[in-house]
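Colleague: I am new to reading structures. Could you take me through this one step by step?

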Amino acid sequence: MSEKMVPIQGENQKKRVDEADSNTHRAKPATKREMTQFHSDEYIDFLSRITPNNMNSFIKEQHKYNVGDDCPVFDGLFDYCSISAGGSMDSPIHNADLECFLTEGAARLSRDKCDIAINWAGGLHHAKKSEASGFCYVNGALKPLLAVS
């Protein structure tokens, strides 16, 4: 169990946050299908297949998808993409009062189920439809926006 102390705005105290906290919501990893709502099927398939062990077999694709220098191949790359995107996409909920789709964190905030909602692995928004950019492999920030368009 981790023990992390986070400052609470407006208070001189710190609140203990641990993995067993009943207020902690673990997002589910995004599926390939969810990620292809914005990204191309070919790009997501490439991210799911490339590893440090086989990257020499994907030289052409690495160039095509801008994976290499700024966006390196590493062990667990696709899991990282799934978890990062999943935290931003998790459980879109339609809220009739707001007339939009909300991510789980936003939905919990709007229902007064929590005071703070953070996706520590989220906010990645540089990735393009078929290209990584700025250490962003998938664009998790677009899911809620696509839901309302």
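The talk below goes from the whole chain to single residues.

Modeller: Gladly. Keep in mind that this is a predicted model.

Colleague: How many helices and strands does the protein chain have, and in which pattern do they follow along the sequence?

Modeller: The chain holds 6 helices and 4 strands. Read them off in sequence order. The pattern is β-β-α-α-α-α-β-β-α-α.

Colleague: What share of the 149 residues counts as buried?

Modeller: A residue is buried when its relative accessible area is under 20%. The surface gives some background: the accessible area is about 9800 Å², and carbon and sulfur atoms hold 50% of that. For the 149 residues, the buried share is 31%.

Colleague: What part of the contacts with a separation of 6 or more joins residues 24 or more positions apart?

Modeller: Take the contacts in the chain with a separation of 6 or more. Then keep those between residues at least 24 positions apart. They make up 51%.

Colleague: Which residues have the most contacts inside the largest nonpolar core?

Modeller: This core has 19 residues. Helices H2 and H4 each supply at least two of them. The residues with the most contacts inside the core are Tyr43, Phe46, Leu47 and Tyr137.

Colleague: Where do the buried residues of H2 lie around the helix?

Modeller: Helix H2 covers residues 41-49, and its buried residues are Tyr43, Ile44, Phe46 and Leu47. Look down the axis of H2: these residues fall within an arc of 155°. They therefore line one face of the helix.

Colleague: Which residues form an aromatic cluster with Phe46?

Modeller: Start with what phenylalanine 46 touches, leaving out residues up to four places away in sequence. Those contacts are Phe58, Glu61, Gln62, Tyr65 and Val67. In the aromatic cluster, the partners of Phe46 are Tyr43, Phe58 and Tyr65.

Colleague: Is glutamine 62 buried or exposed?

Modeller: Glutamine 62 sits in helix H3, residues 59-64. Beyond its neighbours within four places in sequence, glutamine 62 contacts Phe46, Ile50, Met55, Val67, Gly68 and Val73. Its relative accessible area is 9%, so glutamine 62 is buried.

Colleague: And histidine 63, buried or exposed?

Modeller: Histidine 63 is also placed in helix H3. Its relative accessible area is 70%, and the cut-off for exposed is over 50%. So histidine 63 is exposed.

Colleague: How far apart in space are histidine 63 and glutamate 131?

Modeller: In sequence, histidine 63 and glutamate 131 are 68 residues apart. In space, go from C-alpha to C-alpha. The distance is 9.4 Å.

Colleague: How many aromatic pairs are there, and what kind do tyrosine 80 and phenylalanine 135 form?

Modeller: A search of the whole structure gives 9 aromatic pairs. In the pair of tyrosine 80 and phenylalanine 135, the centres are 5.8 Å apart and the planes make 50°. Planes under 30 degrees apart would be stacked and over 60 edge-to-face, so this pair is tilted.

Colleague: How many residues separate tyrosine 80 and phenylalanine 135?

Modeller: Tyrosine 80 belongs to helix H4, residues 77-89. Phenylalanine 135 is in the loop between H5 and H6. The pair links distant parts of the chain, 55 residues apart.

Colleague: What kind of pair do phenylalanine 135 and tyrosine 137 form?

Modeller: Phenylalanine 135 is partly exposed at 34% relative accessible area. Tyrosine 137 is buried at 0%. Their ring centres are 5.5 Å apart and their planes stand at 75°, so the pair is edge-to-face.

Colleague: What is the phi of asparagine 66?

Modeller: Most residues other than glycine have a negative phi. Asparagine 66, in the loop between H3 and H4, is not a glycine, yet its phi is positive. Phenylalanine 135 also has a positive phi, near 60°. For asparagine 66 the value is about 60°.

Colleague: Last one. Which residue lies over the face of phenylalanine 38?

Modeller: Look at the ring of phenylalanine 38. At 5.9 Å from the ring centre, over its face, lies lysine 129.

Key: Residues numbered from 1 in each chain as written. Predicted model: local features only at pLDDT ≥ 70, side-chain atom pairs only at ≥ 80, totals over all residues. Heavy atoms only, no water. Buried < 20%, exposed > 50% of the residue type's maximum accessible area, 1.4 Å probe, protein only. Helix = DSSP H or I, 4+ residues; strand = E, 2+ residues; numbered from the N terminus. Arc of directions from axis to C-beta. Phe/Tyr/Trp six-rings, centres within 6.5 Å; stacked < 30°, edge-to-face > 60°. Lys NZ or Arg CZ within 6 Å of the ring centre and 35° of its normal. Contact = heavy atoms within 4.5 Å. Areas by Shrake-Rupley, 256 points an atom, 1.4 Å probe, with all protein chains shown as cover. Core = buried A, V, L, I, M, F, W, Y, C linked by side-chain atoms within 4.5 Å.
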